[in-house]
Amino acid sequence: MKNIVIFGAPGSGKGTQSDKIVEKYGFKHISTGDVLRGEIKNGTELGKTAKGYIDNGQLIPDSLMIDILASVYDSFGAVEGVIFDGFPRTIPQAEALKQMLAERGTEVSVMLNLDVPEAELMDRLIKRGQISGRADDNEETIKKRLVVYQEQTSPLIEWYQNEGKHTHIQGSGELEKIFADICEAIDKV
Ligand code: AMP
């Protein structure tokens, strides 16, 4: 059982690379952003709460995210691997993930840190916004999301380094080369 955290700033390619991992390894994929967008689309109470945060480029409160994550994870049953995409985004979330997995007799296998220069992230997200139609892929909200990433999410790099789980992945350049580096890291654990 492999638990892979795919980590990086907004626009670093987590979703794209997760799809490729799913295709190659048959792992299950939890994208907390996709879960929240699904709730918004279905007009649930959770969706209504989440929308205000997402449209403003802010993070959903940790307690809410942790409950959502545990219920999605438990719905998977016995699988060979799970990819965590967009979670954890804060240190309390990383601690909660560690505890949740320990309670289930497992742990994070590796954290893949997709590293992309900030100017390129901005460029990619603006381009994505033109086709994704995502309400938060506009220049003003992107800027806020990148600040939130720097302040609240990037400290996780050091946190996972201390856990001995961090692997740096050069996230700019050719898609297949990035994927090959990811596969090498997954195959090692
Ligand atoms: P993403 O699709 O991963 O870029 O997430 C889009 C938005 O969903 C983020 O900007 C947050 O508002 C929210 N979100 C997704 N995952 C999390 C998380 N782990 N913790 C808090 N908010 C999240």
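## Lys24 and its distant partners

Leaving aside residues up to four places away in sequence, Lys24 touches Phe179 and Cys183. This is a predicted model, and Lys24 is a handy place to start exploring it. Lys24 sits in helix H1, which covers residues 14-25. Along the chain, Lys24 and Cys183 are 159 residues apart, yet their C-alpha atoms are separated by 9.1 Å.

## How H1 meets H9

Let's widen the view from one residue to two helices. H1 packs with helix H9 (residues 175-188) at an angle of about 55°, and their axes are 11 Å apart. An angle of 65 to 115 degrees would count as roughly perpendicular, and one under 35 degrees as roughly parallel; H1 and H9 are therefore oblique to each other. Their crossing is right-handed.

On the H1 side, the contact is made by Thr16, Gln17, Lys20, Ile21, Lys24 and Tyr25. The H9 side brings Leu175, Glu176, Ile178, Phe179, Ile182, Cys183, Ile186 and Asp187. Sorted by class, the residues of this contact of H1 with H9 are eight nonpolar, two polar and four charged.

## H2 against H3

Next comes a pair formed by helix H2 (residues 32-41) and helix H3 (residues 45-55). Their axes come within 8 Å and cross at roughly 120°. That crossing angle makes H2 oblique to H3. The crossing in which H2 passes H3 is left-handed.

From H2, the residues in contact are Leu36, Glu39 and Ile40. H3 answers with Leu46, Gly47, Ala50, Lys51 and Ile54. In the contact of H2 with H3 there are five nonpolar residues, one polar residue and two charged residues.

## H6 against H7

Helix H6 spans residues 118-132 and helix H7 spans residues 139-153. The axes of H6 and H7 come within 10 Å, crossing at roughly 140°. An angle over 145 degrees would count as roughly antiparallel; H6 and H7 are therefore oblique to each other. This crossing of H6 and H7 is right-handed.

Here Glu118, Leu121, Met122, Leu125, Ile126 and Arg128 of H6 meet Glu139, Ile142, Lys143, Arg145, Leu146 and Gln150 of H7. The contact of H6 with H7 has six nonpolar, one polar and five charged residues.

## Around the ligand

Now for the ligand, which has 16 residues around it. Of these, Thr32, Gln58, Gly86, Arg89 and Gln93 come nearest.

Several atom pairs are worth finding on screen. A polar side-chain atom of Arg37 is 2.9 Å from an oxygen atom of the ligand. Backbone atoms take part too: a polar backbone atom of Ile60 lies 3.1 Å from a ligand nitrogen atom. For Gly86, a backbone N or O atom is 2.9 Å from a nitrogen atom of the ligand.

## A cis peptide bond

One last feature to look up is the peptide bond from Phe87 to Pro88, which is cis, with omega near 0°. Pro88 belongs to the loop between strand S3 (81-85) and helix H5 (91-103).

Notes. Residues are numbered from 1 along each chain as its sequence is written. This is a predicted model: local features need pLDDT of at least 70, side-chain atom pairs count only at pLDDT 80 or more; totals for chains, interfaces and linings use all residues. Side-chain values use heavy atoms; hydrogens and water are left out. Axes are lines fitted to C-alpha atoms, for helices over the stretch in contact, and angles run from 0 to 180 degrees between N-to-C directions. Helices (H or I, at least four residues) and strands (E, at least two) are DSSP runs, numbered from the N terminus. A crossing is left-handed if the near helix is turned anticlockwise from the far one by less than a right angle, and right-handed if clockwise. Contact means heavy atoms within 4.5 Å. Ala, Val, Leu, Ile, Met, Phe, Trp, Tyr, Cys and Pro count as nonpolar, Asp, Glu, Lys and Arg as charged, and the others, Gly among them, as polar. A residue is near a molecule or strand if one of its heavy atoms lies within 4 Å of it. A polar contact is a pair of N or O atoms within 3.5 Å; within protein, one must be able to donate a hydrogen and the other to accept it, and residues adjacent in sequence count only if both atoms are side-chain atoms.
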